[in-house]
Amino acid sequence: MSSILLLTSSPRAESLSTPIAVDLAEKLKSQNPGSVVVRRDLAANPLPHIDDLFTGAIRKPAEARTAEEAAAVETSDELVNELLAADTIVISTGLINFNIYSSLKTWIDNVARAGLTFKYTESGPVGLATGKKVYVVLASGGVYSQGPAAALNHAVPYLKSVLGFLGISDIETIYVEGLAFGPEAAEKAIDAAKSRVQEIALAA
Ligand SMILES: Cc1cc2nc3c(=O)[nH]c(=O)nc-3n(C[C@H](O)[C@H](O)[C@H](O)COP(=O)(O)O)c2cc1C
């Protein structure tokens, strides 16, 4: 059974990234009968920030953890299992101060686990979350896919780096950009993103 992991991170009721990502996940599901969508609304249900207990616990084998440490990694274990089970991952975020929403960063901090989603080898780190396709829906006030502001887009290079570290390199970004350049520009950007979603779904 194919599993689509949908991660939305905007806290805004009027979010422009969330509905596009939700639509993409639903379309992919309807194109693949029998597939399931596992949704994490990271803004409505924020994940725990990693803390002292967690960072200590993940360095120990499961059987050596105290009850308190085991409890501290429980959510992270669930998130890792969801990630490893997914064939397709749809992630949405706004560009927030040139990077991703912090709710999404917390998800990353919870799933980057040595021994589970990556491992260290003699020839360096190796990602273990392989064989997945990722779609990133990125909404932004400015234009960052190209042009003078592209160097300020830390969201896409960051996601590519960290997902790549986990073994995921097949990543497409759907930009919903230039939203601050007036209603016409915003409408054009939203239409372009919706068209791309349609194309992806038809090809799925
Ligand atoms: C706190 C905050 C910081 C933002 N920072 C940026 C930014 O650095 N660059 C940019 O182009 N837009 C920025 N924006 C605009 C958002 O990227 C835009 O509103 C986008 O639609 C947010 O995604 P969402 O609609 O899914 O919440 C910012 C918006 C907020 C609320």
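1. A polar contact here is a pair of N or O atoms within 3.5 Å. By that cut-off, Tyr-101 is in polar contact with the ligand, since one of its polar side-chain atoms lies 2.7 Å from a ligand oxygen atom. The model is predicted.

2. Two further side chains reach ligand oxygen atoms. For Arg-12, a polar side-chain atom is 2.7 Å from an oxygen atom of the ligand. For Ser-10, the distance from a side-chain N or O atom to a ligand oxygen is 2.5 Å. On its own the ligand has 620 Å² of accessible area, and the protein covers 73% of this.

3. The ligand is surrounded by 17 residues. Ser-10, Arg-12 and Tyr-101 are among the closest, together with Ser-15 and Ser-17. Sorted by class, this shell holds eight nonpolar residues, eight polar ones and one charged one.

4. The largest pocket has a volume of about 180 Å³. Its lining includes Ile-50, Phe-54, Thr-55, Ile-58 and Arg-59. Also in the lining are Asp-109, Ala-112, Arg-113, Ala-114 and Tyr-120. By class, the lining residues of this pocket comprise six nonpolar, one polar and three charged.

5. On the annotation: an unreviewed UniProt entry assigns "domain: Flavodoxin-like fold" to residues 3-199. In the model, helix makes up 40% of that span and strand 22%. The C-alpha atoms at the two ends of residues 3-199 are 20 Å apart.

Technical notes
Residues are numbered from 1 along each chain as its sequence is written. This is a predicted model: local features need pLDDT of at least 70, side-chain atom pairs count only at pLDDT 80 or more; totals for chains, interfaces and linings use all residues. Side-chain values use heavy atoms; hydrogens and water are left out. UniProt positions are given in the numbering used here, feature names are shortened, and annotations may be inferred rather than shown by experiment. Helices (H or I, at least four residues) and strands (E, at least two) are DSSP runs, numbered from the N terminus. On a 1 Å grid over the protein atoms alone, a cavity is a set of points where a 1.4 Å probe fits but cannot get out, and a pocket is an open set with protein on both sides within 12 Å along at least five of seven lines; lining residues have an atom within 4 Å of a point. Grid points are joined across faces, edges and corners, and a volume is the space filled by probe spheres set on the points. Ala, Val, Leu, Ile, Met, Phe, Trp, Tyr, Cys and Pro count as nonpolar, Asp, Glu, Lys and Arg as charged, and the others, Gly among them, as polar. A residue is near a molecule or strand if one of its heavy atoms lies within 4 Å of it. A polar contact is a pair of N or O atoms within 3.5 Å; within protein, one must be able to donate a hydrogen and the other to accept it, and residues adjacent in sequence count only if both atoms are side-chain atoms. Accessible areas come from the Shrake-Rupley method with a 1.4 Å probe; for residues, only the protein chains shown count as cover.
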